[in-house]
Amino acid sequence: MATLQEKVTQQFKERFGHMPALVVQSPGRLNMIGEHTDYNMGYVLPAAIDKGIWMALSRSDMGVSVFRAIDMDEEIQLPDFEQLSPFDKGWANYVVGVIDQLLKAEKELGPVKCVFGGNIPIGSGLSSSAALENAICFGLNELFSLGMSKMEMVKHSQKAEHEFVGVMCGIMDQFTSMMGQENKVIRLDCRSLEYETFPLDLQDYELVLLNSNVEHSLASSQYNIRRSQCEEGVAIMQKKDAAIQSLRDASMDLLDQCRNEMSEVVYRRCKYIIEENERVLNFCEALEQKNFEGLGQILKAAQLGMKHEYEITCPEIDFLFDFAYQYPGVIGARMMGGGFGGCTLNIVEKDKEEAYLQDISSAYKDQFGFETTPIKVKISDGVKKVYENDAQGGSA
């Protein structure tokens, strides 16, 4: 069976009649702990995974740029890069949004040919969007020798999502996809962008993702609402302490002092974020101490916070979580990603994994009438070039 790299390369050759100049691989990501803390300038603990986007690119002398998404069997063409505006095809906005950012940064670009495909399930919370943004940004950087650093590319990709897609995401997804390291999780300080890596050595346990196969339409709209609620809480606390610039700076003590001045909803949102930042730090400590029971307790607290305080879970996710914590051999589970669907992350004893997956899959189907899909992942490196044609792929 052809690999994704081979498939993308072959489809590029069939579409354009020659081999690409280069192929890049851009990974998705998981997040061990720290949801919605990134845009609150807090801590996150993500890792790049071995599932992602493979993208083949070459320069073009066709006078037009062509971008083809093989998974959707869709294609867009841009006659020039002067008048860029959002497309009705969702994936196109992630690609063109990055080009828009590079042009605003006065990067010299020319027409391109591009074919890409991936193996990240859409809506799974594994950040296919950041993988796509980073793929095109990294690919264009290589193709046109733009000389951008990895951090420059991360920021362009994030800004593309803000300005072209309209989601005010934090920097975690793009950062992790770009900077990931094999077998390591990264504790990122989303304010300073300083980071530290921790080996993910789970010993007798396995990391398993379970895709709920639901993506509720609330996800995008509620994301921006949560962000504004957090900002509202910060504004109230700033009146008491001018040093508070984000929820990263706030303590539970200060939040409690301001409780009567904010709505109950805003209080709960802020409480979740302040405590989630603490959970990230505690999780790293538990990892270093090989305290696996402690890891499970932290994941459980995070899930309950997402359900009751940040209110971003859904019945399917709640079911997967409840089942996991009643099952012998599962020490931890929680929802991952923006919310309202996607995947749960599960830490399971290796010798119980097969039985667990069978039992939870059967119970889930009985409850909801459709499947949950296990996703086995390995912790991988970030964006990289996996093929380069010395002849630069021609320009036929």
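Contact is taken here as heavy atoms within 4.5 Å. In this predicted model, helix α2, formed by residues 90–104, lies across strands β4, β5 and β6 and runs at about 30° to β5. A further helix, α5 (residues 172–179), packs on the sheet and touches β1 (22–31) and β3 (46–59), with its direction making about 125° with that of β1.

The sheet concerned is open and consists of six strands in the order β5-β4-β6-β3-β1-β13, with mixed pairing. Its edges are occupied by β5 (74–78) and β13 (384–388); each has a single partner strand, so one side of each is left without a neighbour in the sheet. On average, and with direction ignored, neighbouring strands of this sheet are turned by 20° against each other. Within the sheet, β4 (residues 65–69) and β6 (residues 112–118) run parallel and are joined by four bridges. One of the paired positions is Ala 69, whose bridge partner in β6 is Phe 116.

Strands β7 and β8 form a hairpin in which five residues lie between the two strands. The strands, spanning residues 184–189 and residues 195–199 respectively, run antiparallel and are joined by five bridges. Across this pairing, Ile 186 of β7 stands opposite Thr 197 in β8. In the turn, Leu 193 has a positive phi of about 65°.

A four-stranded open sheet is arranged in the order β10-β11-β9-β12, and its pairing is antiparallel. Here the edge positions belong to β10 (330–336) and β12 (373–376); because each has a single partner strand, one side of each is left without a neighbour in the sheet. Neighbouring strands of this sheet are turned by 25° against each other on average, direction again being ignored. Eight bridges connect β9 (residues 205–215) with β11 (residues 341–349), and these two strands run antiparallel. In this pair, Val 208 is placed opposite Asn 346 in β11. Helix α10 (residues 315–325) packs on the sheet through β9, β10 and β11, its direction making about 170° with that of β10. Helix α11 (residues 353–368) also packs on the sheet, touching β9, β10, β11 and β12, and its direction makes about 15° with that of β9.

In soluble globular proteins, nonpolar side chains tend to be buried together. The largest nonpolar core of the model contains 84 residues, of which Met 32, Leu 45 and Phe 67 touch the most other members. When neighbours within four places in sequence are left aside, the contacts of Met 32 include Leu 45, Pro 46, Val 185, Leu 200 and Leu 207. Phe 283, Leu 299, Arg 334, Leu 345 and Ile 347 are also in contact with Met 32. A second core, separate from the largest, has 44 residues, among them Val 167, Ile 236, Cys 270 and Ala 333.

The structure contains zero disulfides. A disulfide requires a pair of cysteine sulfur atoms within 2.5 Å. For Cys 284, the closest cysteine sulfur is that of Cys 190, at 12 Å, which is too far for a bond. Cys 284 is buried, with a relative accessible area of 1%. The sulfur of Cys 343 likewise has no partner for a bond, because the closest cysteine sulfur, in Cys 314, is 12 Å away. Cys 343 is also buried, at 0% relative accessibility.

How values were computed. Residues are numbered from 1 along each chain as its sequence is written. This is a predicted model: local features need pLDDT of at least 70, side-chain atom pairs count only at pLDDT 80 or more; totals for chains, interfaces and linings use all residues. Side-chain values use heavy atoms; hydrogens and water are left out. Buried means under 20% relative accessible area, exposed over 50%, partly exposed in between (1.4 Å probe, protein chains only). Two strands pair if DSSP finds at least two bridges between them. Axes are lines fitted to C-alpha atoms, for helices over the stretch in contact, and angles run from 0 to 180 degrees between N-to-C directions. A nonpolar core is a set of buried Ala, Val, Leu, Ile, Met, Phe, Trp, Tyr and Cys residues joined through side-chain atoms within 4.5 Å.
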